[in-house]
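This report reads through one protein model, with attention to its strands, a helix, its cores and its empty spaces. Please keep the sequence and the structure in view while reading.

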Amino acid sequence: MKKIVLSLIVFLFASFGSKAQVQVADIFSDNMVLQRNMDVNIWGTAAPGEQLVLNFNGQNQKTKANKQGKWSVVLNPMKAGGPFDLTINGAKKLVLKNILIGDVWVCSGQSNMEMRVSETYNAEEEISKGNYPEIRFFTVPRNVSNVPVEKMPNTSWKVCTPETVKNFSAVGFYFARDLQAEIDVPIGLINASWGGTHVETWTSKEFMSKVPKYESIGERIDKYNREEIALQKKKELMNKLGVLPEEEIGLKHAWMSPETDYTSWKMIQLPNMWEHVGYNELNGVVWFTREFEITAKDLDNDATLFLGKIDDSDITWINGQQVGSMDMSWNIEREYSIPKALLKPGINTVTVRVDDTGGGGGFSADPNNFKIQTGLVDIPLAGAWKFQIDKIYETFNATPNDVPSLLYNGMIHPIIPYGIKGALWYQGESNTPRSKEYEITFPNMITNWRANWKQGDFPFLFVQLANFKEPYNEPQEDDWAELRETQTKTLSLKNTGMAVSIDIGDAKDIHPKNKQDVGNRLMIASLKVAYGKEVVHSGPIYKSMEIDGNKAVVCFDHIGSGLLVKNKFGHINEFEIAGADKKFYKAKAIVVGDKVLVWSDAVNKPIAVRFGWSSNPDGFNLYNKEGLPASPFRTDDWKGITDGKSFEDWSY
């Protein structure tokens, strides 16, 4: 009995000692970069009342853990340099090694910030050259919370090597690489990003409550319950489907066979992501099939099946015979060869088994390129397909957009007040349905971060949305154009800069692979905004317009050493002009000195001009001579298609 009691006492003391051991907050680790030239906060936990001495780079700072076991110290400003070790002496000794002093940037936003180096142009070459020992990475783990959290488990700073760089934010890395070449100091990057997220989830409850129509949102945030939300999502999907199949039977029962009875299958319009047609929270195996007709004269050659991108995996059959498959390849176009022997005159079938493990599921192809090509004729496949759900994965989880503030609490709060030089931001695609409101919510988030970091109006650099979607034939209203306008207006905030990417996107891919130019343009903006260098840091931005007869004369800021038109005839594309009827027509435009002259034979008395006003102004060709693109703009303030739209009725 005595041995048992003694063992229990030893265990309790050992447990207490373990819990009381001095620790730093999770943002601190070996290989980190501390911000130069400013007071640097270091904080952590220890036993209540424990006396601590922190030694770093010639500084000795004393502190004591409070009654809750929390402690903090402030290091005096330091010049760039290193590496150094940080030692904390208390009841036990803690040492962090290989620490540099330089500039630290927070990289945040949605999937275009999250996109990895391995997914960009020339990835293999970029990765092979990715040995930069004075660039360091920290990735904040994904976390959803309706209350501010402190912990970020299983995280640490990484030195930039070919092995570590491949999975880090491409925009962040290319920015840091180019910046270090300019300023020659260590660079630290903290990546806190999550694809598909709204700006509201990156904003604190306090600041979201300041936005018109969101004054009472705090109550919804407080009542948010992850388990209840997951159950509600499951019930909603069950109500829509009637049953949630748990065991896959499609392969066993050969649903790819043309002999299958498809009469009970539901209908869906493809190409489409199934979330876009009401099947939210559906993760699992779904089968799709449709018939197509081909004539005997079109069977002389092999054919090619074009299905675009499928999220995530697929197996594809023609007339019951497999012609292709890809595993976990959501970002790769499906182009499968069809041997002519598989096809027959008359009715044929194409069947696709899609396996989606999370996020969006289905087909994201261009409808015009969703087809079978025989060499003689294109057989369109866009339109009605039949589909059947084969298996549902139990992945009904909380998501970052359920209510505001979830990612601010779970991913931004834990890194405050780590010393930073500034922030890089690439987000907005998910806010385009309510672009006008972004004029308030985006600056509100920037102000929120600056207020809570308590480092003044630190530099905040962001990427204007790239060109995407099929281009228009005629002028029309556009929510992506409206969001770009709100991003440009955000430049009115002090110490902000914008990288325009209107010319380096991809009509068919919301995640364009050219992140090198994005990172470089952010770097150029930083030279002016963050480092005060006298450089041309922006492309032309609309300044003013005058009417001269039947022509509009447009002036720009940031023209650098002059306007440049990438057209051998000097014609500027993507201008539109309107009169009092507010109807826009495609316009002619040329550079005259440092101004642009705009006109159309269809408009005798112009009153408004627009430039690049579409999701994808694919004829874009206006720059300054420093090579930076002009930002899209409009001179009118007429009501847009997102005016008055908000997300006040949150789903949960």
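The sections below describe selected parts of this model, which is predicted.

## A three-stranded open sheet

Three strands make up an open sheet in the order β1-β3-β6, and their pairing is antiparallel. Because β1 (23-24) and β6 (70-75) stand at the edges and have a single partner strand each, one side of each is left without a neighbour in the sheet. The antiparallel pairing of β1 with β3 (residues 40-45) rests on two bridges, and Val24 has Gly44 in β3 as its bridge partner.

## The second largest pocket

These strands return in the lining of a pocket: β1, β3 and β6 are the elements that give two or more residues to the lining of the second largest pocket, and β3 provides the largest share, three residues. The volume of this pocket is about 320 Å³. It is lined by 15 residues, of which Ala25, Trp43, Gly44, Lys70 and Glu150 are the closest to its centre. Gly44, one of these, is also the bridge partner of Val24.

## Two nonpolar cores

The largest nonpolar core has 96 residues, and the members that touch the most others are Ile27, Phe28, Trp449 and Phe575. Strand β8 (residues 93-109) gives the most to this core, namely seven residues. When neighbours within four places in sequence are left aside, Ile27 is in contact with Trp43, Phe138, Met152, Trp157, Ile190, Ile415 and Tyr418; among these, Trp43 also belongs to the residues closest to the centre of the second largest pocket.

Another core lies apart from the largest one and holds 38 residues, including Val171, Tyr174, Ile183 and Met523.

## Strand β15 and its partners

Six of the six residues of β15 (residues 313-318) are buried, so this strand is largely enclosed by the rest of the structure. Ser313, Ile315 and Trp317 point one way from β15, while Asp314, Thr316 and Ile318 point the other way, and all are buried.

β15 runs antiparallel to β18 (residues 346-356), to which six bridges join it, and within this pairing Thr316 stands opposite Val352. With β16 (residues 321-326), β15 pairs in the antiparallel sense over five bridges, and Met326 in β16 is the bridge partner of Asp314. β15 and β16 form a hairpin with two residues between them, and in its turn Asn319 has a positive phi of about 50°.

## Helix α11 and its surroundings

Helix α11 (residues 479-489) is largely enclosed by the rest of the structure, because ten of its eleven residues are buried. Among the buried residues are the charged-type names Asp479, Glu482, Arg484 and Glu485 as well as Trp480, Ala481 and Leu483. The cover over the buried residues of α11 includes α10 (435-453), β24 (460-463), β25 (496-499), β26 (541-548) and β35 (633-634).

At the N-terminal end of α11, Asp478 acts as a cap, with a side-chain oxygen 2.9 Å from the backbone nitrogen of Trp480. Trp480 is itself one of the buried residues of the helix.

## Enclosed cavities

Rolling a probe the size of a water molecule over the atoms shows where empty space is left. The count of cavities of 30 Å³ or more comes to four, and the largest cavity has a volume of about 60 Å³. The residues that line the largest cavity are Met498, Ala499, Val500, Arg521, His537, Ser538, Gly539, Leu628 and Pro629.

Note on methods: Residues numbered from 1 in each chain as written. Predicted model: local features only at pLDDT ≥ 70, side-chain atom pairs only at ≥ 80, totals over all residues. Heavy atoms only, no water. Pairing = 2+ DSSP bridges. Helix = DSSP H or I, 4+ residues; strand = E, 2+ residues; numbered from the N terminus. Buried < 20%, exposed > 50% of the residue type's maximum accessible area, 1.4 Å probe, protein only. Contact = heavy atoms within 4.5 Å. Polar contact = N/O pair within 3.5 Å; in protein donor to acceptor, adjacent residues only side chain to side chain. Core = buried A, V, L, I, M, F, W, Y, C linked by side-chain atoms within 4.5 Å. 1 Å grid on protein atoms, 1.4 Å probe; cavity = no way out; pocket = protein on both sides within 12 Å on 5 of 7 lines; lining within 4 Å. Points joined across faces, edges and corners; volume = space filled by probe spheres on them.
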